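Here are my notes on this model, as numbered points. Please read them with the structure open.

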Amino acid sequence: DSLSSFAPPKTNMFGTIFLLAALISSTFAAATPCTFPDAWSGGADNEMYYRRDARGTGFDTVYIAYDAANQRTACEVESDIGSENAKNFTVIALFEKKTVYIFNTKEERCAAVNLERDFEKWGIPSDASNVDDYTTGALTETIHNEEWLKEFTPNKTDIRRHGDPPQPPKPEHVYWSMDVTSDHCVPVVEFVVAEFEEATYLVNNVFYYDIEATVDAKDFDIPSFCPGEAREGNEDLVANAKKALSFSPAMKIF
């Protein structure tokens, strides 16, 4: 059940740029937007770069479990690794229950928030444009990939950190791209460039090599210290979760 043979090894943002520059392009039939496999789990490295402000680089690792049949997603996030602001939290969205849980197991703190959107299968947005098709690997060990591009303007409050001052309501243009495998629509790399008045945000997600075509039901277990229904409290957990997970139009939670 492994999808690992369809995904390239992980690398960092700059390594990805050099890798893509060295790829051998191929010509394929016209691509159409696709949805990810209905059940998969695996990790991603997330790097967020801030410019024109004092925050520098934030580095996260994310473990993702995705179960479309039961309309549920789970993301375990290690955020701002190596900094004094490092934080760990888990986000479990149960769309059938219309509730998302954000919790820190070590501190036994949990926020339960109403989900304002219906479940949408993860994948390439229908209005994205296919801008490239290419092949990685050599000889018989090759992987065909597609690159997709979309321009969008997200709600800027979604990326506020807890305690940040209010941000302008209308951000500048945001450019998003994602590469997926042509055969199974497995995510390979995601990149966002967002230009705002006070800073430029560059977000890079590189998915791990060992994506599996399975999910473990335990990934969606809600801890006993979480409230049974949505209620106010632990707003910092909610703000940090939205900051880490709200950029992608391919993997919608909030």
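1. Strand β4 spans residues 72-79, and six of its eight residues are buried, so the strand is largely enclosed by the rest of the structure. This is a predicted model. One of the residues to look at here is C75. Its relative accessible area is 2%, so C75 is buried, given the cut-off of under 20%.

2. What does β4 pair with? Its partner is strand β5, residues 87-94. The two run antiparallel, and eight bridges join them. For a register check, find R72: it stands opposite L94 in β5.

3. Confidence is uneven. The chain average is a pLDDT of 77, and 72% of the residues score at least 70. Two stretches deserve caution. Over residues 1-28 pLDDT stays under 50, and the model has 59 contacts there beyond four places in sequence. Residues 157-170 also stay under 50, with 30 contacts beyond four places in sequence. I would not lean on either set of contacts.

4. How many disulfides are there? The count comes to two. A disulfide is a covalent bond between the sulfur atoms of two cysteines. With the bonded cysteines numbered in sequence order, the pairing is 1-3, 2-4.

5. Take the pair C34 and C185. Their S to S distance is 2.0 Å. The link is right-handed, with 75° about the S-S bond. C34 sits in the loop between β1 (24-25) and β2 (39-51), while C185 sits in the loop between β10 (174-181) and β11 (187-195), so the disulfide ties together parts that are 151 residues apart in sequence. Are its two ends buried or exposed? C34 has 18% relative accessibility and counts as buried, because the cut-off is under 20%. C185 has 4% and counts as buried too.

6. The other pair is C110 and C226. Their sulfur atoms are 2.1 Å apart. This link is also right-handed, with 100° about the S-S bond. C110 belongs to strand β7 (residues 109-114), and C226 to the loop between β12 (200-207) and α2 (235-245). The pair thus links distant parts of the chain, 116 residues apart. Both cysteines, C110 and C226, are buried.

7. A112 also lies in strand β7. At 2% relative accessibility, A112 counts as buried. What does A112 touch, leaving aside neighbours within four places in sequence? Its contacts are T99, V100, Y101, P227, E229, A230 and R231. A longer-range check is the C-alpha separation of A112 and L237: 10.0 Å, for residues 125 apart along the chain.

8. L237 brings us to helix α2. Eight of the 11 residues of α2 are buried, so the helix is largely enclosed by the rest of the structure. Which residues of α2 are buried? They are L237, V238, A239, N240, A241, K243, A244 and L245. Note that the list includes N240 and K243.

9. Now the internal space. Rolling a probe the size of a water molecule over the atoms shows where empty space is left. A search of the whole structure finds two cavities of 30 Å³ or more. The largest cavity holds about 190 Å³ of space. Its lining has 18 residues, and those nearest its centre are E190, N205, A244, L245 and M251. A244 and L245 are among the buried residues of α2.

10. Which elements give two or more residues to that lining? They are β2, β3 (57-67), β11, β12 and α2. β12 gives the most, with three residues.

11. Last, P33. This proline lies in the loop between β1 and β2. Its relative accessible area is 35%, and P33 is partly exposed. Not counting residues up to four places away in sequence, P33 touches I124, P125, S126 and W148. P33 and D127 are 94 residues apart in sequence, and their C-alpha atoms are 8.1 Å apart in space.

Terms used:
Residues numbered from 1 in each chain as written. Predicted model: local features only at pLDDT ≥ 70, side-chain atom pairs only at ≥ 80, totals over all residues. Heavy atoms only, no water. Buried < 20%, exposed > 50% of the residue type's maximum accessible area, 1.4 Å probe, protein only. Helix = DSSP H or I, 4+ residues; strand = E, 2+ residues; numbered from the N terminus. Pairing = 2+ DSSP bridges. Disulfide = S-S within 2.5 Å. pLDDT = per-residue confidence, 0-100. Contact = heavy atoms within 4.5 Å. 1 Å grid on protein atoms, 1.4 Å probe; cavity = no way out; pocket = protein on both sides within 12 Å on 5 of 7 lines; lining within 4 Å. Points joined across faces, edges and corners; volume = space filled by probe spheres on them.
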